[in-house]
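Reader: I would like a close look at a single part of this model, with its surroundings described residue by residue. Please take one side chain as the starting point and work outwards from there.

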Amino acid sequence: MNAALRAEGQRTIIIGDRAALRNDASRASGLRVNRWVNTFTSNDDGSLGYNLEGDRPSGEASTRVCVAGKFTNIRLYDARRPGTPPGARRGGAFDAMLADQEALGIRPMLQAESISTGPNGEVRRGNGVTLQGSVTQRSGMLFVNRAGGTAESLYLMQNVAYTPAGLERLN
């Protein structure tokens, strides 16, 4: 997989852990948090990238990694800077959500359009996605952008950070 990604010019630009609450009868709280490393990659011009998910948290070596999403039109935003970039807006309730989260220091980090290959080899474009994040809190949330300007949360993230390649691209 690494050789194939290198051949496509992919570089990891954001890394974090997808977090999910699970029922766990063995714990006093009844809950446990599972964490799986998630990385977002892109080639230099943003025309192709992936969301890769491992079977361990970041900082641990995953034994399995899968492609959780394939993207095009990848735009990396600098969430270290205040304000919502004009290009990140999608209209309607989505923009209201961006404004509410901006007040909490949560800003767009990445936006892209999902793509897949159809049965006849044609490229199909899907929904847009937005990764919102707080650089200071190292937390994030991946949203899918629905028609009509709504956003649906796909999952929460912890330990979210730009990689050195991501920071190089931002700078």
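Author: The place to begin is N51, which has a relative accessible area of 4% and is therefore buried, since buried means under 20%. This is a predicted model, and the description that follows should be read with that in mind. N51 lies in strand β3, which covers residues 49-54. Its side chain makes a polar contact with the side chain of N38, at 3.0 Å. Leaving aside residues up to four places away in sequence, N51 touches N38, T39 and F40, then C66, V67, A68, G69 and F71, and also Y155. Two of these neighbours, V67 and Y155, lead on to other parts of the model.

The first path goes through V67, a residue of strand β4, which spans residues 65-76. Whereas N51 is buried at 4%, V67 has a relative accessible area of 46% and so counts as partly exposed, the class between 20% and 50%. Together with M1 and V65, V67 forms a nonpolar patch on the surface, and the accessible area of these three residues together is about 260 Å².

The second path goes through Y155, which is the bridge partner, in β8, of L142. Strand β8 comprises residues 150-162 and runs antiparallel to β7, to which it is joined by eight bridges. These two strands form a hairpin with three residues between them, and in this hairpin G148 takes a positive phi near 85 degrees. On the other side of the pairing scheme, β7, made up of residues 139-146, also pairs in the antiparallel sense with β6, residues 123-134, over seven bridges. Within that pairing, T130 stands opposite F143 of β7. Here too the strands form a hairpin, with four residues between β6 and β7, and R138 in the turn has a positive phi of about 55 degrees.

A further residue, D78, can be set beside N51 for comparison of its surroundings. D78 lies in the loop between β4 and α2, the latter being residues 92-102. At 15% relative accessibility D78 counts as buried, because the value is under 20%. The side chain of D78 makes polar contacts with the side chain of R80, at 2.7 Å, and with the side chain of R81, at 3.2 Å. Residues up to four places away in sequence again being left out, D78 touches Y162 and L170.

Technical notes: Residues are numbered from 1 along each chain as its sequence is written. This is a predicted model: local features need pLDDT of at least 70, side-chain atom pairs count only at pLDDT 80 or more; totals for chains, interfaces and linings use all residues. Side-chain values use heavy atoms; hydrogens and water are left out. Two strands pair if DSSP finds at least two bridges between them. Patches are made of residues with over 30% relative accessible area and no salt bridge: like charges are joined within 9 Å, nonpolar side chains (Val, Leu, Ile, Met, Phe, Trp, Tyr) within 5 Å. Accessible areas come from the Shrake-Rupley method with a 1.4 Å probe; for residues, only the protein chains shown count as cover. A salt bridge is a side-chain nitrogen of Lys or Arg within 4 Å of a carboxyl oxygen of Asp or Glu. Buried means under 20% relative accessible area, exposed over 50%, partly exposed in between (1.4 Å probe, protein chains only). A polar contact is a pair of N or O atoms within 3.5 Å; within protein, one must be able to donate a hydrogen and the other to accept it, and residues adjacent in sequence count only if both atoms are side-chain atoms. Contact means heavy atoms within 4.5 Å.
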